[in-house]
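Visitor: I should like to examine this model with you and ask, for each term, what justifies its use.

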Protein chains: 2
Amino acid sequence: MKDRIASLPRGLYVIIDPEVAAGLPEEEIARQAIEGGARLVQLRDKQREKGLQLAVARRLKEVCAQAGVPLIINDHLDLALAAEADGVHVGQKDLPVSVVRRLMPEGIIGCSTNNVEEALRAQADGASYVSVGRLFPTDSKADTRPATLETLRAVKEAVRIPVAAIGGINEENIDAVLAAGADLVAVIGAVVAAPDVREAARRLADRINEHWGRVAS
Amino acid sequence: MKDRIASLPRGLYVIIDPEVAAGLPEEEIARQAIEGGARLVQLRDKQREKGLQLAVARRLKEVCAQAGVPLIINDHLDLALAAEADGVHVGQKDLPVSVVRRLMPEGIIGCSTNNVEEALRAQADGASYVSVGRLFPTDSKADTRPATLETLRAVKEAVRIPVAAIGGINEENIDAVLAAGADLVAVIGAVVAAPDVREAARRLADRINEHWGRVAS
């Protein structure tokens, strides 16, 4: 348990959703995002059949593994196992964290939460991190529940595991998210739909590092 | 390998798709279908989130296990593992049979095929059975490729593993399907959308038993 949590990085968390991405192959997005400073990568594909996603996930795994960056698969535990990804991210309507933990004992398991109660339950069930969102309006994902920076702050105070902030985060609001205690800053459109993925990731990663530099000093 | 294939029954294979079902809870459909003579049950749910399907799959597993009937989950290997189902059925665009076999070494693994080449590949990759279809027009499943009774016959001659016939099978055409060599007769609408599920299953199961009685005598 300790090792698993220790191995989860902090910083920029880039979620690659092919529907949001602006045309580059997924592994090229991952490569550029990692070069820009992403510390965690997620594949989220709600559309394609899993047989078609498997090749993508394997290519992503190769790029991520070379850089020492964990690859998380959204929802599909079977795809994660098949591609030997490092973990799975589940929502409140996906397979429960406790079940995923049993089937992937060593994996990084993230769980979308919207309040302290859900976050504490996810932690008790074996989550490696919780995400809190959506914090700001976004086009990247439909059917999201709103959350506030106050929610983020409250969850951060309530749980021991790292907290990822998600939902419409960009250069305008990232400082507020960091000030509220986010360990991971999850972005989709701000990086994967950017005209220059590497540069977009770098600007956000720099802001995260600046914030933590200020906190540490 | 021998045990796994030996444990796969022959006969009526009822696929429960909540979109096709006429209002009864899934486990009640399974119960009645089994009472009517179903020897294999599949849950196919392309719509609901897996967290919502898990409770359904667990109830189905209980009903099936009490009757000694294996429960197969369509597509979602993770759901199958979570619900401790007996196997998984995959299509040509789902996770490959070889990958599913590795992740579920003891499971019943079925694979949708449309020709001899796909059937032989599925067998080589570790499938427990192949299905061949769709044989007749059906409203139960969109995006299917047509197959003929000749295809079914050719696949049956080519593979060692059991062959399931699927696609629009009903009382009018079941004899032709059996004559073409089907080991399993897979039905959706003909049973799960019937006004009397038990009776619909019984009539089809009787026809199967009559056919095999004739063949044996």
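Guide: Let us begin with a term for packed helices: a crossing is right-handed if the near helix is turned clockwise from the far one by less than a right angle, and left-handed if anticlockwise. The model discussed here is predicted.

Visitor: What makes the crossing of α2(A) and α10(A) right-handed or left-handed?

Guide: The term depends on the sense in which the near helix is turned from the far one. The crossing of α2(A) and α10(A) is right-handed, and the angle at which helix α2 (residues 26–36) of chain A packs against α10(A) is about 35°. Their axes are 7 Å apart.

Visitor: Which residues of α2(A) and α10(A) meet?

Guide: From α2(A) come A:Ile29, A:Gln32, A:Ala33, A:Glu35 and A:Gly36, and they meet A:Val197, A:Arg198, A:Ala201, A:Arg202 and A:Ala205 of α10(A). By class, this contact of α2(A) with α10(A) divides into 5 nonpolar, 2 polar and 3 charged residues. Gly counts as polar, so A:Gly36 belongs to the polar class.

Visitor: What is found for α2(B) and α10(B) in chain B?

Guide: The axes of helix α2 (residues 26–36) of chain B and α10(B) cross at roughly 35° and come within 7 Å. The crossing of α2(B) and α10(B) is right-handed. Among the residues in this contact are B:Ile29 and B:Ala33 of α2(B), with B:Val197 and B:Ala201 of α10(B).

Visitor: How do you know that the strands of chain A form a barrel, and in what order do they run?

Guide: In chain A, 8 strands close into a barrel in the order β1-β2-β3-β4-β5-β6-β7-β8, with parallel pairing. Neighbouring strands of this sheet are turned by 25° against each other on average, direction ignored.

Visitor: Why are β3 and β4 of chain A called paired?

Guide: Pairing requires at least two bridges. Strand β3 (residues 71–74) of chain A is joined by 3 bridges to strand β4 (residues 87–90) of chain A, so the two strands satisfy the criterion. They run parallel, and A:Ile72 stands opposite A:Gly87 in β4(A).

Visitor: Which helices pack on this sheet of chain A?

Guide: One of them is helix α10 (residues 197–216) of chain A, which touches β1 (11–16) and β8 (184–187) of chain A, its direction making about 150° with that of β1(A). Helix α6 (residues 116–125) of chain A lies across β5 (108–113) and β6 (129–132) of chain A, running at about 160° to β5(A).

Visitor: Why is the meeting of A:Asp183 and A:Lys156 called a salt bridge?

Guide: The cut-off is 4 Å between a side-chain nitrogen of Lys or Arg and a carboxyl oxygen of Asp or Glu. The N to O distance for A:Asp183 and A:Lys156 is 2.9 Å, so the pair qualifies. This pair links distant parts of the chain, 27 residues apart: A:Asp183 is in the loop between α8 (174–179) and β8 of chain A, and A:Lys156 is in helix α7 (residues 149–158) of chain A.

Visitor: How do you know that A:Asp75 and B:Lys50 form a salt bridge?

Guide: Their closest N and O atoms are 3.6 Å apart, within the 4 Å cut-off, so the term applies. The count between chain A and chain B is 2 salt bridges.

Visitor: How much area do chain A and chain B bury between them?

Guide: They bury about 1700 Å², 64% of it on carbon and sulfur atoms. Of the area that chain A buries against chain B, A:Asp78, A:Lys93 and A:Leu95 supply 30%, more than any other three residues.

Technical notes: Residues are numbered from 1 along each chain as its sequence is written. Chains are lettered from A and ligands numbered from 1 in the order in which they are written. This is a predicted model: local features need pLDDT of at least 70, side-chain atom pairs count only at pLDDT 80 or more; totals for chains, interfaces and linings use all residues. Side-chain values use heavy atoms; hydrogens and water are left out. Axes are lines fitted to C-alpha atoms, for helices over the stretch in contact, and angles run from 0 to 180 degrees between N-to-C directions. Helices (H or I, at least four residues) and strands (E, at least two) are DSSP runs, numbered from the N terminus. Contact means heavy atoms within 4.5 Å. Buried area is the accessible area (1.4 Å probe) that two parts lose on being put together, summed over both.
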